[in-house]
Amino acid sequence: MTSRHGGADRVSTKTKLSNELRILGEVLVRARERAKLKQVDVAAKLGLPASYLSKIESGTRRLDVIELIRIAEAMDVDPAELLSEVRAALSAEGTG
């Protein structure tokens with residue numbers, strides 16, 4: 001029997017995208033390290049706890065496009081460059 005919000009066989013979007021989220025996190029880590037910033041530095045610029053960024057970088061938290069733009073700006077990186085790098089990494093992994 002299924003519930004109003006999906007059945008027992010329902011798979012969350014986060015689960016479906018786990019590999020992609022991991023790749024996004026890896027791209028963000030590389031960008032942050034190129035900018036010579038620590039997680040705590042970026043989080044402070046965002047006014048958020050470092051655990052927020054840690055979850056994104058580890059691929060355990062999804063983020064929306066606005067959050068991605070804000071993270072890129074906090075690292076002084078062009079968001080379009082990040083997206084291009086994510087797309088290339090996804091293609092290399094065969095997931096994009």
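Here is a walk through the structure above, from its overall build to its helix faces, salt bridges and surface. The model is predicted, so please read every value here as computed from it.

Let's begin with the overall build. The protein contains six helices and zero strands, and along the sequence this reads as α-α-α-α-α-α. Of its 96 residues, 30% count as buried. If we take the contacts between residues at least 6 apart in sequence, 61% of them join residues at least 24 apart. On the outside, the protein exposes about 6,300 Å², and 52% of that area comes from carbon and sulfur atoms.

Helix 4 is a good place to look inside. In this helix, which covers residues 50-57, the buried residues include Tyr52, Leu53, Ile56 and Glu57. Because they cover an arc of only 125° around the axis, they sit on the same side of helix 4. The spacing has a familiar background: an α-helix has 3.6 residues a turn, so residues three or four places apart point the same way. As for partners, the buried residues of helix 4 pack against helix 2 (18-34), helix 3 (39-46) and helix 5 (65-74). Just after helix 4 you will find Gly59, with a positive phi of about 80°.

Helix 6 can be read in a similar spirit. Helix 6 has 15 residues and spans 21 Å from its first C-alpha to its last, close to the 21 Å expected at 1.5 Å a residue. Its buried residues are Leu82, Val86, Ala89 and Leu90. These cover an arc of only 100° around the axis, and therefore lie on the same side of helix 6. Turn to the face away from that buried side and you meet the exposed residues Glu81, Arg87 and Ala92. The cover over the buried residues of helix 6 includes helix 2 and helix 5.

Now for the charged side chains. The structure holds six salt bridges. In one of them, the side chains of Arg30 and Glu85 meet at 3.3 Å, N to O. Arg30 belongs to helix 2 and Glu85 to helix 6 (residues 79-93), so this pair ties together parts that are 55 residues apart in sequence. Arg30 counts as partly exposed, because its relative accessibility is 36%.

A second salt bridge brings us back to helix 4. The side chains of Glu57 and Arg32 meet at 2.7 Å, N to O. This pair links distant parts of the chain, with Glu57 in helix 4 and Arg32 in helix 2, 25 residues apart. Are these two residues, Glu57 and Arg32, buried or exposed? Both Glu57 and Arg32 are buried.

Glu67 and Arg61 also form a salt bridge, and their closest N and O atoms are 3.2 Å apart. Here Glu67 is buried, because its relative accessible area is 18% and the cut-off for buried is under 20%. Arg61 is partly exposed, with a relative accessible area of 26%. Elsewhere, Arg22, Glu26 and Glu93 are joined into one network by salt bridges that share partners.

Finally, let's look at a nonpolar part of the surface. Val65, Ile66 and Ile69 form a nonpolar patch there, with about 230 Å² of accessible area together. One of them, Ile66, lies in helix 5. Ile66 is partly exposed, with a relative accessible area of 42%.

Methods: Residues are numbered from 1 along each chain as its sequence is written. This is a predicted model: local features need pLDDT of at least 70, side-chain atom pairs count only at pLDDT 80 or more; totals for chains, interfaces and linings use all residues. Side-chain values use heavy atoms; hydrogens and water are left out. Buried means under 20% relative accessible area, exposed over 50%, partly exposed in between (1.4 Å probe, protein chains only). Helices (H or I, at least four residues) and strands (E, at least two) are DSSP runs, numbered from the N terminus. The arc is that of the directions from the helix axis to the C-beta atoms. Contact means heavy atoms within 4.5 Å. Patches are made of residues with over 30% relative accessible area and no salt bridge: like charges are joined within 9 Å, nonpolar side chains (Val, Leu, Ile, Met, Phe, Trp, Tyr) within 5 Å. Accessible areas come from the Shrake-Rupley method with a 1.4 Å probe; for residues, only the protein chains shown count as cover. A salt bridge is a side-chain nitrogen of Lys or Arg within 4 Å of a carboxyl oxygen of Asp or Glu. The expected span of a helix is 1.5 Å times one less than its number of residues.
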